[in-house]
Amino acid sequence: MFSRKVRLRLHETLDHKGRLDQAGVHSVERAVAEAVAANPRPRGPEVFAFATSVIRDAPNRDAIIARVARTTGTRLRVLTGEEEARLAYVAARQWAGPTADRLLVLDIGGGTLEIASGTGDQPDTVHPLPLGARRITRDWLPGNTTPSPRRLAEIRKHLRQSLEAVPDLPQADPGVRVLACSKTFEQLARLAAARGKAPRTARQLALPQLRASAALLAGAKPSRRGKLPGISRHAG
């Protein structure tokens with residue numbers, strides 16, 4: 001497997017309508033070109049390029065895809081939120097191994113929160129919700145400042161109401177195994193473990209520890225969050 005990472009920070013290039021500006025589009029072109037050039041193996045028809053929700057949800061998505069295809073020879077594809085949730089569940093089920101237990105999978109991305117649940121190889125329900133970390137930050141916490149307690153209460157109310165409005169939203173009932181498969185949860189677990197608050201290991205995160213870590217992050221200045229143990233500068 002070949003892996004290469006180029007940090008884009010595309011959320012910083014979005015205008016008030018969610019469109020990528022010219023700098024953002026150019027950074028996508030550069031990243032695609034660098035990834036293609038760095039791959040030590042020739043590309044074949046089995047290789048596909050996918051863009052994340054920041055491009056999928058952009059009003060100028062088609063223009064971005066066309067420009068990247070024209071300049072790099074690689075045409076980006078996008079997944080629907082439902083398909084992202086389904087694939088997250090399938091991967092988590094494969095990782096968990098054969099079991100009859102109901103599985104609840106949570107994946108927080110930049111634009112969406114994906115929730116999927118089921119007992120078989122494929123999920124019974126999938127719920128892509130517009131509650132991603134980037135989206136909430138952009139819509140509710142502009143200016144890169146420390147939020148006030150009142151603002152945090154408003155955000156929590158919005159998230160609670162958004163989740164309560166989803167019909168048949170799966171719950172973490174007794175007997176349900178919950179797996180979180182995003183870097184957001186991974187870094188929260190590392191933060192809890194580093195502070196001696198994790199239940200056993202950095203691969204587990206219980207609700208009390210999650211609440212304590214969230215409170216710590218909410219009260220810290222943006223410049224300080226990236227210096228906390230387990231939290232990357234980019235995520236902070």
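**Notebook: contacts, cores and salt bridges**

I began with Asn-60: leaving aside neighbours within four places in sequence, Asn-60 is in contact (heavy atoms within 4.5 Å) with Arg-19 and Leu-20. The model is predicted, so I kept its limits in view: local features need pLDDT of at least 70, side-chain atom pairs count only at pLDDT 80 or more, and totals for chains, interfaces and linings use all residues. Residues are numbered from 1 along each chain as its sequence is written, and side-chain values use heavy atoms, with hydrogens and water left out.

**Entry: the loop after α2**

I placed Asn-60 in the loop between α2 and α3 (61–72). Helices here are DSSP runs (H or I, at least four residues), numbered from the N terminus. Is Asn-60 buried or exposed? Asn-60 counts as buried, at 10% relative accessibility. For these words I used fixed limits: buried is under 20% relative accessible area, exposed is over 50%, and partly exposed is in between (1.4 Å probe, protein chains only).

I then looked up Asp-57, which lies in the loop between α2 and α3. Asp-57 counts as partly exposed, at 36% relative accessibility. I also checked Asp-57 against Ala-220, 163 residues apart along the chain. Their C-alpha atoms are separated by 30 Å.

**Entry: nonpolar cores**

I searched for nonpolar cores, meaning sets of buried Ala, Val, Leu, Ile, Met, Phe, Trp, Tyr and Cys residues joined through side-chain atoms within 4.5 Å. In soluble globular proteins, nonpolar side chains tend to be buried together.

Which residues have the most contacts inside the largest core? They are Leu-20, Val-28, Ile-55, Ile-64 and Leu-76, in a core of 14 residues. Helices α1, α2 and α3 are the elements that give two or more residues to this core. I followed Val-28 further. Beyond its neighbours within four places in sequence, Val-28 is in contact with Leu-8, Leu-10, Leu-20, Ile-55, Val-68 and Leu-76. Another core, of twelve residues, lies apart from this one. Among its members are Leu-106, Ile-115, Leu-169 and Val-176.

**Entry: helix α5**

I listed the buried residues of α5 (residues 133–140): Arg-134, Arg-135 and Ile-136. What covers them includes α2 (53–56) and α6 (149–164).

**Entry: salt bridges**

How many salt bridges does a search of the whole structure find? I noted 14. Each has a side-chain nitrogen of Lys or Arg within 4 Å of a carboxyl oxygen of Asp or Glu. Side chains of opposite charge can pair when their charged atoms come close.

I looked at Glu-34 and Arg-30, whose side chains meet in a salt bridge at 3.5 Å, N to O. The two are four residues apart in helix α1 (residues 22–38), so about one helical turn separates them. Glu-34 is partly exposed at 27% relative accessibility, and Arg-30 is partly exposed at 34%.

Next I took Arg-56 and Glu-84, a salt bridge with its closest N and O atoms 3.0 Å apart. This pair links distant parts of the chain: Arg-56 is in helix α2 and Glu-84 in helix α4 (residues 81–96), 28 residues apart. Arg-56 counts as buried, at 12% relative accessibility.

Last came Glu-186 and Arg-190, with closest N and O atoms 2.5 Å apart in their salt bridge. They are four residues apart in helix α7 (residues 183–194), so they too are separated by about one helical turn. Glu-186 is partly exposed at 36%, and Arg-190 is partly exposed at 42%. I closed with a network: salt bridges that share partners join Arg-56, Asp-57, Glu-84 and Arg-135.
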